[in-house]
Amino acid sequence: MLLKTVSELNDFLNMSGRSGKTLGFVPTMGSLHEGHLSLIRAAKASCSLVIVSVFVNPTQFGPNEDFTQYPRDLDRDCHLAFSTGADAVFSPEVDEIYPPGAGTTVDVSGALSETLCGASRPGHFKGVATVVTILFNIVRPDAAYFGQKDAQQALLIKKMVRDLHMPVSVVICPIVREEDGLAMSSRNVYLSPAERREAVCLNAGLQKAADYLRSGQPDAHQKDKLVSIIKNHIKAQPLANIDYVEIRDSETLTDIREIAPGKTALAAVAVRFGKTRLIDNRLLTAD
């Protein structure tokens, strides 16, 4: 069932016998791909009801970003969501989420919102935290499903849920990749054929760092060495323009100097190909 308003969503939940059932929620901006579908399957495997939201959130886009060009195809998204097991798709208009005069925001301070994508996209994570809070309040899920590809977003939402005592379990699911290793993203459709060929350098660079970490070399645990390995691989691609390459604490995103034995760090990259900005990441664990 396609739901366009909060009232329709409430009616659906009442008709579905919400009481006594577990509700899984998959928030998306549409343009669904296999990564999103893996989240729907995970929700369906654990929950009695699954709702998918399709809402391109204007507050998380900067003034020079691709809000108006962001790919939208609600009919296709509904077909994919329902065929994968969703019970309803919630696709509201902007005024339904942000009523006229709305002025309340949610801001998670600290490294989780101010580093990596937070540094290069000011205000982005305030928009994310605000819209996710609104959607959680509307849908009232027992569990919400997010992808590891957006690792910083996932960590921020987990902290927000903890800090605000929200009664929802945040489930992080693995990155889904194309056969050549490129992380699936709605923005991949923007890539030219040449850019698409080079874009595999993100995952390949992260893999090279993971391999070096396991190599036993004296400097294998040093952050600067691992960052340079990733950067050098990406820079070898003529069309790649690096936004950032970072290795940070995998839970707090605070800076580190090395990956200590038994510890896990997050290696994260953001790279532009023309006007298209892609992100990827990998968890690096030192033996």
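**Figure 1. Pairing of β2 and β5 in the predicted model.** Gly24 stands opposite Ala143, a residue of β5. The structure shown here and in the other views is a predicted model. Strands β2 and β5 run parallel and are joined by two bridges. β5 is mostly covered, with four of its five residues buried.

**Figure 2. The six-stranded parallel sheet.** The sheet is open, its pairing is parallel, and its six strands follow the order β1-β4-β3-β2-β5-β6. At the edges are β1 (2-3) and β6 (169-173), each of which pairs on one side only. Strand β5 (residues 143-147) pairs with β6 in the parallel sense over five bridges. Within this pair, Phe146 has Ile172 in β6 as its bridge partner.

**Figure 3. Helices α7 and α8 on the parallel sheet.** Helix α8 (residues 151-163) packs on the sheet and touches β5 and β6. The direction of α8 makes about 165° with that of β6. Helix α7 (residues 124-139) lies across four strands: β2 (23-28), β3 (49-54), β4 (88-90) and β5. Relative to β2, α7 runs at about 150°.

**Figure 4. Packing of α2 against α3.** Two packed helices are described by the angle between their axes and the distance between the axes. For helix α2 (residues 34-46) and helix α3 (residues 74-84), the angle is about 35° and the axes are 9 Å apart. Their crossing is right-handed. From α2, the contact takes Leu37, Ile40 and Arg41, and from α3 it takes Leu80, Ala81 and Thr84. Sorted by class, the contact of α2 with α3 has four nonpolar residues, one polar and one charged.

**Figure 5. Surroundings of Glu8.** Glu8 is located in helix α1 (residues 6-15). With a relative accessibility of 34%, Glu8 counts as partly exposed, because this value falls between the 20% limit for buried and the 50% limit for exposed. Leaving aside residues up to four places away in sequence, Glu8 touches Leu2 and Leu3. His79 lies 71 residues from Glu8 along the chain, and the C-alpha atoms of these two residues are separated by 19 Å.

**Figure 6. Cysteines without a disulfide partner.** The disulfide count for the model is zero. Cys78 is in no disulfide; its nearest cysteine sulfur belongs to Cys47 and is 20 Å away. Cys78 is buried, because its relative accessible area of 8% is under the 20% limit. For Cys117, the closest cysteine sulfur is that of Cys201, at 16 Å. This separation is too far for a bond, because a disulfide requires the sulfur atoms to be within 2.5 Å. Cys117 also counts as buried, at 8% relative accessibility.

**Figure 7. The three-stranded antiparallel sheet.** Strands of a sheet pair through backbone hydrogen bonds, either parallel or antiparallel. In this open sheet of three strands the pairing is antiparallel and the order is β7-β8-β9. β7 (240-249) and β9 (276-285) are at the edges and have a single partner strand each, so one side of each lacks a neighbour in the sheet. From one strand to the next, the twist averages 15°. Strand β8 (residues 264-273) and β9 run antiparallel and are joined by ten bridges. One of the bridge pairs links Ala267 with Arg282 in β9.

**Figure 8. Helix α10 between the antiparallel sheet and α11.** Helix α10 lies across β8 and β9, and its direction is at about 15° to β9. Helix α10 (residues 201-213) also packs with helix α11 (residues 223-235), at an angle of about 150° and with the axes 8 Å apart. The crossing of α10 past α11 is right-handed. On the α10 side, the residues in contact are Cys201, Ala204, Gly205, Leu206, Lys208, Ala209, Tyr212 and Leu213. They meet Lys225, Leu226, Ile229, Ile230, His233 and Ile234 in α11. The residues of the contact of α10 with α11 comprise ten nonpolar, two polar and two charged.

Technical notes:
Residues are numbered from 1 along each chain as its sequence is written. This is a predicted model: local features need pLDDT of at least 70, side-chain atom pairs count only at pLDDT 80 or more; totals for chains, interfaces and linings use all residues. Side-chain values use heavy atoms; hydrogens and water are left out. Axes are lines fitted to C-alpha atoms, for helices over the stretch in contact, and angles run from 0 to 180 degrees between N-to-C directions. A crossing is left-handed if the near helix is turned anticlockwise from the far one by less than a right angle, and right-handed if clockwise. Contact means heavy atoms within 4.5 Å. Ala, Val, Leu, Ile, Met, Phe, Trp, Tyr, Cys and Pro count as nonpolar, Asp, Glu, Lys and Arg as charged, and the others, Gly among them, as polar. Two strands pair if DSSP finds at least two bridges between them. Buried means under 20% relative accessible area, exposed over 50%, partly exposed in between (1.4 Å probe, protein chains only).
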